[in-house]
Amino acid sequence: MACSITRRQLMQMFCVAIPAALLDSVGFDVFQDELICVHVYDPSKLIPAPLLEARDGKMSRNEDQRYFQSGLPELMLCTSRVRFLDLFQYFWPISREEFRRMQEKIEAKLAKAKLISDQDVEEIARYLDQNDQLAVAGDVTSAVILTLNDHTVQWASEIVQICRSAKITELVIFKDPLKPPYLCSYPAQQKGFKRPPPIGSKS
């Protein structure tokens, strides 16, 4: 029991640090530069094809390469008192206030700062097998958050399948709006863009 309490406290401390991480871990102000967008999906419904593409022979993480970071863990399982679809009604841009509200509403259950290998994804699956009641009668929604970059995209299809098997309410993708796959090109529950997207503005 003591270990469980300590783990929960660590998770809560981790969530408190999210806003600072958004500014510090990527080396620039993501809210000013607006190099981050969010896509929210119901895993039981239509998911964009790029997120379903199975990738065999996954490449190891190249520590010399700089991968896109949202400031959040690259893979996180959480519960929220508000649906992410209500928190983030538009793909882009994302405001500080939206992130602050997210911080207030979510509780991290399991988080991987970096998604390294199959074992990280399997750990999420094992946790869900052992904790199959994340939601409480409409008061809480469950979500898996994935920061999509050139490395983590290799596990996107497995993560979708885990979400579906565990009946996770929402799959949330944070990514660079300037880089493919352009998820905004696919049917979505969100309202779209608050203003024209930056696609094509950077080579």
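This is a short chat about cysteines, salt bridges and one helix in a predicted model.

Reader: Anything I should know before I start?
Author: The model is predicted, so local features need pLDDT of at least 70 and side-chain atom pairs count only at pLDDT 80 or more, while totals for chains, interfaces and linings use all residues. Residues are numbered from 1 along each chain as its sequence is written, and side-chain values use heavy atoms, with hydrogens and water left out.

Reader: Cool. How many disulfides are there in the whole structure?
Author: Zero turn up in a search of the whole structure, where a disulfide is a pair of cysteine sulfur atoms within 2.5 Å.

Reader: Why no bond for cysteine 37?
Author: Its closest cysteine sulfur, in cysteine 184, is 7.1 Å away, which is too far for a bond.

Reader: And is cysteine 37 buried or exposed?
Author: Cysteine 37 is buried, at 3% relative accessible area. Buried means under 20%, exposed over 50%, and partly exposed in between (1.4 Å probe, protein chains only).

Reader: New topic: how many salt bridges?
Author: The count is eleven, taking a side-chain nitrogen of Lys or Arg within 4 Å of a carboxyl oxygen of Asp or Glu.

Reader: Which residue does glutamate 74 pair with?
Author: Arginine 61, with the closest N and O atoms 2.7 Å apart. Glutamate 74 is buried at 0%, and arginine 61 is buried at 12%.

Reader: What about lysine 112?
Author: Lysine 112 meets aspartate 120 in a salt bridge, 3.6 Å from N to O. Lysine 112 is buried at 17% and aspartate 120 at 11%.
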